[in-house]
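Okay, thanks for making time, everyone. Let me put the structure up on the screen, and then I'll walk you through it.

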Amino acid sequence: MSIHFKKSSLFLGKHFSISGIVQYGCQKGRQLGFPTANISIHPSFIIIRGVYAVKIIIGNKKKKILFGVANIGIKPTFFQKKLLLEVYIFNINSNLYGKKITIFLMKKIRNEKIFFSLKSLKKQIKTDIIETKNFFFKQTTL
């Protein structure tokens, strides 16, 4: 966990989180084999763009904590301009459209960057997933 996350967690008394209603996106993640839950973020929201290891809660109750990889940014590879949070959730196969999810940012994996081929993007996503799983599943407590 980076020093910034440790400090913000200390001041907040919990990990930084973003909540929102899952909405339809342009289905790029699904086409690449990594379907994502998308949440719009207001353009004035100040957060460091990038890829994060995240914990996710679906709905309002803490029934089950899920894990995943989230990208916060404008998806420069696809020439998007709208700030978006999209999260690939491990081991889930259900329709989340219209549902509230809360995403806890646990560790920054890397900065957002542009990819010049879908092949290189898919390779990087796989690397991000491995790094995230190593982060979560090598820890003694979750």
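Let's start with Val22, which sits in the loop between S1 and H2. This is a predicted model, by the way. So, is Val22 buried or exposed? Its relative accessibility is 5%, and because the cut-off for buried is under 20%, Val22 counts as buried. What is Val22 in contact with, once we leave aside its neighbours within four places in sequence? There's Ala37 and Asn38, and then Leu96, Tyr97, Gly98, Lys99 and Ile101. Also have a look at Lys100: along the chain Val22 and Lys100 are 78 residues apart, yet their C-alpha atoms are separated by 6.3 Å.

Okay, zooming out. The protein has three helices and six strands, and if you read along the sequence you get α-β-α-β-β-β-β-β-α. Take the contacts between residues at least 6 apart in sequence: 67% of those join residues at least 24 apart. Of the 142 residues, 42% are buried. The protein exposes about 8900 Å², with carbon and sulfur atoms supplying 58% of that.

Before anyone asks about confidence: the average pLDDT is 83, and 83% of the residues score at least 70. Which elements have the lowest and the highest mean pLDDT? Helix H1, residues 3-12, is the lowest at 53, and strand S3, residues 50-58, is the highest at 95. Where pLDDT is low, the predicted coordinates should not be read in detail.

Now the strands, and S6 to begin with. S6 covers residues 100-110 and is mostly covered, with eight of its 11 residues buried. Strand S1, residues 17-21, runs antiparallel to S6 and is joined to it by five bridges. If you want a pair to click on, Gly20 has Ile101 in S6 as its bridge partner. Ile101 is also one of the contacts of Val22. S6 pairs with S3 too, again in the antiparallel sense, over eight bridges. There, the partner of Val54 is Leu105 in S6.

On to S5, which is mostly covered as well: five of its six residues are buried. Which strands are joined to S5? One is S2, residues 37-40, antiparallel and with four bridges; Ile39 stands opposite Leu85 in S5. Another is S4, also antiparallel, with six bridges, and there Asn71 stands opposite Glu86 in S5.

Last stop, helix H3, residues 118-137. Quick geometry check: at 1.5 Å a residue, its 20 residues should span 28 Å, and the end C-alpha atoms are 28 Å apart, so that agrees. Which residues of H3 are buried? Leu121, Gln124, Ile125, Asp128, Ile129, Thr132, Phe135 and Phe136. Look down the axis of H3 and those buried residues fall within an arc of 145°, so they line one face of the helix. An α-helix has 3.6 residues a turn, so residues three or four places apart point the same way. Flip to the other side of H3 and you find Lys119, Lys123 and Ile130 exposed.

And what covers the buried residues of H3? The cover includes helix H2 and strands S3, S4, S5 and S6. So S5 and S6, the mostly covered strands we just went through, turn up again here as part of the cover over H3. Right, that's my tour. Over to you.

Notes
Residues are numbered from 1 along each chain as its sequence is written. This is a predicted model: local features need pLDDT of at least 70, side-chain atom pairs count only at pLDDT 80 or more; totals for chains, interfaces and linings use all residues. Side-chain values use heavy atoms; hydrogens and water are left out. Helices (H or I, at least four residues) and strands (E, at least two) are DSSP runs, numbered from the N terminus. Buried means under 20% relative accessible area, exposed over 50%, partly exposed in between (1.4 Å probe, protein chains only). Contact means heavy atoms within 4.5 Å. Accessible areas come from the Shrake-Rupley method with a 1.4 Å probe; for residues, only the protein chains shown count as cover. pLDDT is the predictor's confidence in each residue, from 0 to 100. Two strands pair if DSSP finds at least two bridges between them. The expected span of a helix is 1.5 Å times one less than its number of residues. The arc is that of the directions from the helix axis to the C-beta atoms.
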